[in-house]
Amino acid sequence: MKNDQNKNVNVVTKEQENYLKKELYALIKEDSTLFDFLQEAALDGLWFWDLTQPENEWMNPKFWITLGYDPNKMPHKASSWQDIINQEDLKDVYANFAKHSQDPSFPYDQVVRYRHKLGHTVWIRCRGIIIRDNNGKPQKMLGAHTDITEIKKKEEELEIQSAFFKQVIDSTNLGTWQWNIKTGETIFNERWAEIIGYTLEELGPLSIETWISHTVTHDLEKSNKLLQDHFAGKTQVYECEARMLHKNGSYIWVIDKGKVVSWDEDGNPEWMVGSHQEITEKKKDYERNKLFIQQAPTAIAMFDENMGYLAVSQEWSRVFDIEDEEIVGKSHYDVLPEIGNRWKVSHQECLKGKVIKNREEKVEKSDGSIQWLSWEFRPWLTDENKVGGIIIHMSDITKIKREEELKSLLTVAEDQNRRLKNFAHIVSHNLKSHSGNFEMLLDLLIQENPDMGDHEIIKLFKTASDNLTETIVHLNEVVLINTSVDENLVGLNLWEATNKTIESVSAIATENKVTIKNLVRQDVNILGIQAYLDSVLLNLITNGIKYSSEKRDSYVSLNSWIEGDYVVISVEDNGLGINLNRHRAKLFGMYKTFHHNKDARGIGLFITKNQVEALGGKIEVESKVDHGSTFKVYLKYEKN
């Protein structure tokens, strides 16, 4: 009964397929847009060739787009694609075409290479079918292209990787193994058996028991623990040194490495692959030198020929901030890649017997900090008087280099400070001269024209002149400061400074239709320098005016409150705002602009931040694009 039910289901399904197929064919005949959809969505090029007039061939737009050409500029001629196809592949195309023409059952199907307009190769699977007349004579040919470039690239990559891994295995003389963890099935190569003195045939039948029966029990326990750590994801690879019983009755040392390469549906390990490498002689050499190196008071490490750690002193781990206690057996290039990769040339030279020294090397650590090292590479020899690896002696000279750099920087800073002071004196003197002339000319104008004294523009000029004179006085005070800023901080009334700055920019505020509100507390004083405070307020207020929005009535509102030992000055606007997700890191950088204002120079916020920090404060910002910005400046509070 159950089988009969299944037969009925199959019959219904087949009828549905026939029905749908017929309906689809009918729709395609009636509506050409369905055919256009199929050729665009399912293929990477379609062509139709008139075999009675071989030069005429229609290619759909996607044919040319796949090859990087503008379909509107490409002629519907057979020669247009024959010029860009690989000429060796073109021979196969002609040969397959001839066979398909003679025998319709012979498929016209091949993979060819085209030259993309940009110069690279595009791999195309080209298939076609000849349409014949009633006498079987070829008349037309319909063809389709499928871009398989990515598939070919993957094939090439796999071939290269396969050749690479085979070369690695052959050149390192490794024994390899594959292990099905669930079934115990194990595959060894011939070299694996040779390491313990056997052939694979002698060891058969092979399974995981082959490894277990030839390995020292204590080392098996260690191996099982390391395997469980790897299965649990605690280690990226399994790695264990173990003793194995050789056919001749002796024990040899091997380093066993492996990695899980597949997992079942429940997340349990399935297949694992790995390698065996004999390290008996290296273990003997290592044991002989291990105690000496571990107790060495300096940074010293011993490596094998491949820069795998054999022994390391405590000072070495301290210098390089190595916390891994199981470092032995790991590659130096993996443990310290930022340093190790730069030593590969020296490593190879040292293996030839050379002693290589470097008095100082600058190293950027993984956390971005700079470390200066002085090191020496020396080869160590085996009992057979052959180079068995390298011993590196290291000294951390970072402190010495920092002291040298600091002395150099102090010298440069002193020279720059002298130059800057001279420049500031010159600038303040010249500005004072020009501002005095401006003030005198304005007074003469008013004296000659008393009626103009009450004119609004003249009043604004007068206010601007007075503010400029006061600013220059403050600048002179800054220039005369010869000690630290902290020793020159004075009590300043925040409301008065704010009001004065608002007056100085009232003209440009009016011009830009921006309302400025001074809500700062009148009874609060801060500790600062007048020139710095004026500059900070001026920069933040003018930015609010400069980047106002035309979509709404614009304002700049200033407020203040006390937080602990600081007075917080808030400068809020409802202007264009800043995208902080994109620009926060460079907001206060020099020459950084965030809008297309032609007057923007990207220096105002840089200066503002430096002036605020020089006064012992800090500056923060909150902003949203097209909603506005709020800058909060924290300055020292003069409590008394």
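# Two helix contacts and the core around them

In this predicted model, Leu494, Ala497, Thr498, Lys500, Thr501, Ile502 and Ser504 of helix α18 meet Gln530, Leu533, Asp534, Leu537, Leu538 and Ile541 of helix α20. Sorted by character, the residues of this contact comprise seven nonpolar, four polar and two charged. Two packed helices are described by the angle between their axes and the distance between the axes. For α18, which spans residues 494–504, and α20, which spans residues 530–546, the axes come within 10 Å and cross at roughly 50°. The two helices are therefore oblique to each other, and their crossing is right-handed.

Helix α20 also has a contact with α22, and here the axes come within 9 Å and cross at roughly 145°, in a left-handed crossing. From α20 the contact draws on Tyr532, Ser535, Val536, Asn539, Leu540 and Asn543, while α22 brings Gly604, Leu605, Ile607, Thr608, Gln611, Val612 and Ala614. The residues of this contact divide into seven nonpolar, six polar and no charged.

From these helices we can turn to the protein's interior. In soluble globular proteins, nonpolar side chains tend to be buried together. The largest nonpolar core in this model has 37 residues, of which Ile516, Leu533, Ile545, Leu558, Val633 and Leu635 touch the most other members. Helices α18, α20 and α22 (604–614) each give two or more residues to this core, and so do the strands β17 (514–519), β19 (554–563), β20 (566–573), β21 (618–624) and β22 (628–636). The largest share, seven residues, comes from α20.

Leu558 offers a view of this core from one residue. Once its neighbours within four places in sequence are set aside, Leu558 is in contact with Thr498, Ile502, Ile516, Lys517, Asn518, Leu519, Val520, Leu537, Ile541, Ser570 and Val571. Apart from the core of Leu558 lies another one, of 24 residues, which includes Phe303, Val319, Val363 and Phe377.

The protein as a whole can now be considered. Its secondary structure comes to 22 helices and 22 strands, and 37% of its 640 residues count as buried. Among the contacts with a separation of 6 or more, 52% are between residues 24 or more positions apart.

Some details of the backbone and the loops remain. Most residues other than glycine have a negative phi, and most peptide bonds are trans. Against that background, Gly204 and Pro205 are joined by a cis peptide bond, with omega about -5°, and Pro205 is found in the loop between α8 (200–203) and α9 (208–213). Asp321, a residue other than glycine, has a positive phi near 55°, and its place is in the loop between α12 (314–319) and α13 (332–335). Asp626 likewise has a positive phi, of about 65°, although it is not a glycine. Asp626 lies in the loop between β21 and β22, and because its relative accessibility is 27%, Asp626 counts as partly exposed.

A last loop residue is His120, which lies between β3 (108–115) and β4 (121–132) and, at 40% relative accessibility, counts as partly exposed. Leaving aside neighbours within four places in sequence, His120 is in contact with Tyr114 and Arg115. His120 and Leu67 are 53 residues apart in sequence, and their C-alpha atoms are 9.6 Å apart in space.

Conventions
Residues numbered from 1 in each chain as written. Predicted model: local features only at pLDDT ≥ 70, side-chain atom pairs only at ≥ 80, totals over all residues. Heavy atoms only, no water. Axes fitted to C-alpha atoms, helices over the stretch in contact; angles between N-to-C directions. Helix = DSSP H or I, 4+ residues; strand = E, 2+ residues; numbered from the N terminus. Parallel < 35°, antiparallel > 145°, perpendicular 65-115°, else oblique. Left-handed = near helix turned anticlockwise from the far one by under 90°. Contact = heavy atoms within 4.5 Å. Nonpolar A, V, L, I, M, F, W, Y, C, P; charged D, E, K, R; others polar. Core = buried A, V, L, I, M, F, W, Y, C linked by side-chain atoms within 4.5 Å. Buried < 20%, exposed > 50% of the residue type's maximum accessible area, 1.4 Å probe, protein only.
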